[in-house]
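Here's a structure to walk through together. Let's begin with the ligand and what sits around it, then turn to the cysteines.

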Amino acid sequence: MTLRAVVAGVGHYLPERVVPNSEFEKTLDTSDEWIRARSGIERRHFAAEGETTSDLGAAAARAALRDADMTADDIDAIIVATSTADLTFPSAATMVQAALGMERGFAFDVQAVCAGFAFALANANALILSGQAERVLVIGAETFSRIMDWTDRGTCVLFGDGAGALILEARTGTGTAQDRGILATDLNSDGRYRDLLYVDGGVSTQTTGVLRMQGNQVFRHAVEKLAKTAETALEKAGLTASDVDWIVPHQANIRIIQGTAKKMGLPMEKVVVTVQDHGNTSAASIPLALSVGKARGQIKTGDLVVTEAIGGGLAWGAVVLRW
Ligand code: UT7
């Protein structure tokens, strides 16, 4: 008998305001055509004034609880993957905990930028396998619109706001790759690449800062590292790319998504793509895509799903799970 962290529910929330590429044509030397061609993005959502990351996260959490037919009382732990928490502290996770009316258990944030949801899933899996929690609410929530340099056309057209949530529950399996739940994880980071993608401010420097990115350099690392981490995670699970039903990648750029699928020898028919509608929502992109993929009827119970992501750090990783 093997303990497995199995998906019991999924949900998402997107802010009401939708911003099409054409909005940027008014203030920047850019075009809808360039943004679509170079990134695949057509529109993104921006949070309303006063709407915070924990608001988005709590709304996604409520949707996941509904999907799982659970209440906040059923949850033992909350992990929020975010780089855009409401305040320096307390964590966005404790704010979500309070918003849900949850008075027991524990909550904390994980910060691995765009790879944050893979890191959060790996942490949740470890909590469940070590018996520290039976049900973990894992959320990716971001308001990247708050850290944009609106004069930098190379970054501000790419990002969006949103949140997605997954509930993982301890269930017993047989110990084979046929089990439902998380089958393997692979996490990596290399701090030597910090200058490729970072925010040029923070508490310890008494500034807020905006996002800076050497996009083409990150691009070069992305395809190679994403395919490698996905293959490593599959290998750890005793599986290969041919076993995969769905790749659910971090949604940063359609060309990175296509390049990674090609490198893994998988057709685009096996990839959940939402980048056109959400833009890059950093740690929220994977749970958003999982939720949308399920709602579209793409991801079904028993399907083998591989998620992979890379972002600032650089930090990157993959999670193999059977839905
Ligand atoms: O989520 C975290 C991880 N992040 C990523 O995965 C992002 C990775 N990078 C990318 O997605 C792409 O590198 C970008 C979409 C950011 C850029 O695409 P690219 O094909 O790598 O373009 P580039 O940066 O090499 O720029 C090509 C040209 C430049 O002009 P010159 O120097 O060739 O004259 C840019 O100034 O495109 C120009 N450019 C733009 N033109 C119109 C950059 N941004 C824009 C823009 N509109 N918004």
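**Around the ligand**

Start at histidine 250, where a polar side-chain atom lies 2.8 Å from an oxygen atom of the ligand. That's a polar contact, meaning a pair of N or O atoms within 3.5 Å. This is a predicted model, where local features need pLDDT of at least 70 and side-chain atom pairs count only at pLDDT 80 or more, while totals for chains, interfaces and linings use all residues. Residues are numbered from 1 along each chain as its sequence is written, and side-chain values use heavy atoms, with hydrogens and water left out.

Nitrogen atoms of the ligand have partners too: one is 2.7 Å from an N or O atom in the side chain of threonine 30, and one is 2.8 Å from a backbone N or O atom of arginine 153. Taken alone, the ligand exposes 950 Å², and the protein buries 72% of that (Shrake-Rupley method, 1.4 Å probe).

Now step back to the whole shell. In total, 22 residues surround the ligand (a heavy atom within 4 Å). Helix 6 (215-236) is one of the elements giving two or more residues, and helix 6 gives the most, with four (helices are DSSP runs of H or I, at least four residues).

**The cysteines**

How many disulfides does the structure hold? Zero, counting cysteine sulfur pairs within 2.5 Å. For cysteine 156, the nearest cysteine sulfur is that of cysteine 114, 16 Å away. Cysteine 114 counts as buried because its relative accessibility is 4%, where buried means under 20% relative accessible area (1.4 Å probe, protein chains only). Cysteine 156, at 0%, counts as buried as well.

Methods. Polar contact = N/O pair within 3.5 Å; in protein donor to acceptor, adjacent residues only side chain to side chain. Buried < 20%, exposed > 50% of the residue type's maximum accessible area, 1.4 Å probe, protein only.
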